[in-house]
Amino acid sequence: MARFTKSQCQPCPDRPRCTSSSGARNVGFPPRELRDLQVRVRTEQQTPEWKARYAVRSGVEGTINEFAHGHGMRRCRYRGQPKAHVQHVLTAIAVNTERLSGRPATQRAPSPRPPTAFQALLDQQGIPRSKSWRTLSS
């Protein structure tokens, strides 16, 4: 720990980057082992592999936060583990349904059904089909 008095800290040219307090300044220095560990972990956090792992964790934590704060899952309405489990499962189903209903409709049109063997035979023979047989090939 390093302590600087007000008279030592005021004339320093780097003071605005260092602190915004008007009084004295206390600076803590971690032990060398801890500092080396911090440097190693911070450089590891810049790798794409670490960022990919953290993205998964971030998504899971967001879901847990949504359950805890948005749906009141910190408290259970029922006593007993079986009833609490049912409440959790039903809440998860409701959240998934809510998420799915909020998705935009797919832009792709559904693929048409292939013609039946009888319709293919009529097409081969050149016999016209009835209008009620709805396929794109007629």
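Start by selecting V86, V89, L90 and I93, which together make a nonpolar surface patch of about 340 Å². A patch here is built from residues with over 30% relative accessible area and no salt bridge, with nonpolar side chains (Val, Leu, Ile, Met, Phe, Trp, Tyr) joined within 5 Å and like charges within 9 Å. The accessible areas come from the Shrake-Rupley method with a 1.4 Å probe, and for residues only the protein chains shown count as cover.

Before moving on, note that this is a predicted model, in which local features need pLDDT of at least 70 and side-chain atom pairs count only at pLDDT 80 or more, while totals for chains, interfaces and linings use all residues. Residues are numbered from 1 along each chain as its sequence is written, and side-chain values use heavy atoms, with hydrogens and water left out.

**The overall layout**

Now colour by secondary structure: you should find six helices and two strands. Helices (H or I, at least four residues) and strands (E, at least two) are DSSP runs, numbered from the N terminus. Following the sequence, the pattern reads β-α-α-β-α-α-α-α. Of the 138 residues in the protein, 12% are buried. Buried means under 20% relative accessible area, exposed means over 50%, and partly exposed lies in between (1.4 Å probe, protein chains only).

**Helices 4 and 5**

Return to V89 and select the helix around it: this is helix 5, residues 81-101. V89 itself is partly exposed, at a relative accessible area of 36%. Next, add helix 4, residues 48-70, whose axis comes within 12 Å of the axis of helix 5 and crosses it at roughly 115°. That makes the two helices, 4 and 5, roughly perpendicular, a label for angles of 65 to 115 degrees (under 35 is roughly parallel, over 145 roughly antiparallel, and the rest oblique). The axes are lines fitted to C-alpha atoms, for helices over the stretch in contact, and angles run from 0 to 180 degrees between N-to-C directions.

**The salt bridges**

Show side chains now and look for three salt bridges. Each is a side-chain nitrogen of Lys or Arg within 4 Å of a carboxyl oxygen of Asp or Glu.

- Select R99 and E66, whose closest N and O atoms are 2.6 Å apart. This pair links distant parts of the chain, with R99 in helix 5 and E66 in helix 4, 33 residues apart. R99 is partly exposed at 40% relative accessible area, and E66 is also partly exposed, at 27%.
- Select E61 and R57, which meet in a salt bridge at 2.7 Å, N to O. Both sit in helix 4, and because they are four residues apart, about one helical turn separates them. E61 is partly exposed, with a relative accessible area of 37%.
- Select R53 and E44, a salt bridge with its closest N and O atoms 4.0 Å apart. R53 counts as exposed at 52% relative accessibility, while E44 is partly exposed at 40%.

**Last stop: Q119**

Finally, select Q119 in helix 6, residues 117-125. Is Q119 buried or exposed? Q119 is buried, with a relative accessible area of 11%. Add R129 to the selection: Q119 and R129 are ten residues apart in sequence, and their C-alpha atoms lie 7.6 Å apart in space.
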